[in-house]
Amino acid sequence: MYGFFGRMLVADASSRTCHVEAISEELYRKYLGGKGVGTHLLMEHAPVGVDPLSPENPLIFSLGPITDTKIWGGCRFGVHTKSPQTGFYAESYSGGKLAEKMSRTGFDFFMLTGAATSPVYLEVTEEGGQFHSAEDLWGLETYATEDALMAKHGGKAKCGAAVIGPAGENLVPFSIIANDYWRCAGRTGTGAVMGSKKIKGLVFVAGQAKRPVADPQGVEAFAKKTLAETRDLPATQNYKRWGTPQMVSVMNEIGTLPTRYWHNGKFSEHQQINGQTMAARGARPKACARCYIACGKLMTFEEGPYAGLSIEGPEFETIMSLGSLCLIDSLDAIAHLNDLCDRLGMDTISAGNLIAMAMDGSTRGLTPEAIAYGDVDGVTNLLKQMAARTGMGAILAQGSRAAAAEWGMADAVIHVKNLEPAAYDPRALKGMGLAYATSPRGACHMRATIYKSEVSGKMPPAQIEGKALEMIDYEDRLILHDTFVLCRFYRDFYLWPELTKIIQLTTGFDMNEAEVRETSRRVADLVRNFNLREGLIKEDDWLPERFFDEPLPETGASITREELAKMRSDYYYERGWNEEGVPRS
């Protein structure tokens, strides 16, 4: 078998034992790996209606057929579980350098089950897994935990670690799993699931295992061709110069930069916090393993209140959530808040949205304590409270839906399936409205990225007809990215012919493009069926009411209920689902 080791490590925290299970070639042929097989395993091992924070909810780490090969963009891993934030399907992906060390233990999947009675961490080697006490690590922030684990097991050259911070220990439903300091499986609360199992971290001690590929020379030739044809493209160079923060001013220009808790689409101070300003202040490109795009931006702040702070970031989404959404116009302050979230182990998108909601509620006299827009010290304090679940932070740590109910803000809260949206306003980008509404993990921008078509002018943002089909093409291609597991920023380089070629070169599966497309559809249906069995109904595929009732003041852009209903109906039809969104097969 090529492309896979055919092995999964199953680690039961309750008994502190590990065993190895085989995964059949038939299953890989059906779902390919990564997200596909990971979702199948979740469906198989998670009891129907399982409490996400119960010992019975599995936490599955996944790799794909391109991991630790020469295919560019392949140093990523996935995490799959049932989300404590949404109650539905959870998936999250992380880059950096860890995936290669994970792969060199000779496993494709790592499934955590049960729950320990006291803190533990899991050591993974080629021989299997072993639990160790983590009493001395419990309570530590993420960076310190990662450093401690790697020091115990030979240092960075020999191992890598995936860890949680205090927020994960305290079961904050939007807590993260972190690696390489600034990389994280950031959304849907995977860190809380790990915390519920009393697992502080996993350390992967790299062995000699090397993923076999069907055509090594073909893989090398494909990688060389990809590099030669795409390294100097404007898109590649722009990511290298400015990273994702290049989108700050682009989105502001077209009036879709979420500002003042989604009341505005433009931020007057956007130029102070954009990618160009970061570059001018000395941000340096930083890449994951096997990547030439180098979208990460390593910044060191030499002066001011946060002198000495070094961070990879902040990314565009964080600049929005902890910047424009909260009316914070200081790049230094946003980096400080980003760093604090990383150390505590919380998703910056959800955390920023929640704090902006508190600011909005405070202006209406609805919160128990006042917090003004732009109050950096107040945000710092609230983030610490959220991670510790104390004070007003304890209310926010429940998530948007619960906090809004407590404060009488049901008319104002912004979320889909209890997941807060990213930096694309669906009133101006209607395809993103459909993407947020139908994403299986909530208001997610990464499952489909149709904003690429809308911002580039390929498809007008206000167009309704054909939007669903365009989005499905993106979504299906990106499902393949997640089965490989492959970075999103290669989506313009690896289209259907390239994705098909990658499968042939790595796995040796003789699949044509039609069969590859069908595999994506099969995975999409599997994810949908998981959510349906966990209680999802058609009405969950919807947007916050405020998006329909409150046009953006700068441009007048709006989306109507009828427009979303039409796009949702088209989406179900093109997916082959019935009118209630149930797959027919």
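Rings of Phe, Tyr and Trp (its six-membered ring) pair if their centres lie within 6.5 Å; planes under 30 degrees apart count as stacked, over 60 as edge-to-face and the rest as tilted. The whole structure, a predicted model, holds 21 aromatic pairs.

**View 1. Trp 72 pairs with Tyr 292.** Their ring centres are 5.1 Å apart and their planes stand at 80°, so the pair is edge-to-face. The partners are 220 residues apart. Trp 72 is in the loop between strands E3 (59–62) and E4 (77–82); Tyr 292 is in the loop between strands E13 (284–286) and E14 (296–300). Strands are DSSP runs of E, at least two residues, and helices are runs of H or I, at least four, numbered from the N terminus. Trp 72 has 14% relative accessibility and counts as buried (under 20% relative accessible area, 1.4 Å probe, protein chains only). Tyr 292, at 7%, is also buried. Both belong to one aromatic cluster with Phe 222, Tyr 490, Phe 493 and Tyr 494.

**View 2. Trp 542 pairs with Phe 548.** The ring centres lie 5.3 Å apart with planes at 45°, so this pair is tilted. Trp 542 and Phe 548 are buried.

**View 3. Helix H16 spans residues 400–407.** Ser 400, Ala 403, Ala 404 and Trp 407 are buried. They fall within an arc of 100° (directions from the helix axis to the C-beta atoms), so they line one face of the helix. Gly 408 follows H16, with a positive phi near 70°.

**Notes.** Residues are numbered from 1 along each chain as its sequence is written. Local features need pLDDT of at least 70, side-chain atom pairs count only at pLDDT 80 or more, totals for chains, interfaces and linings use all residues, and side-chain values use heavy atoms, leaving out hydrogens and water.

Technical notes
Buried < 20%, exposed > 50% of the residue type's maximum accessible area, 1.4 Å probe, protein only.
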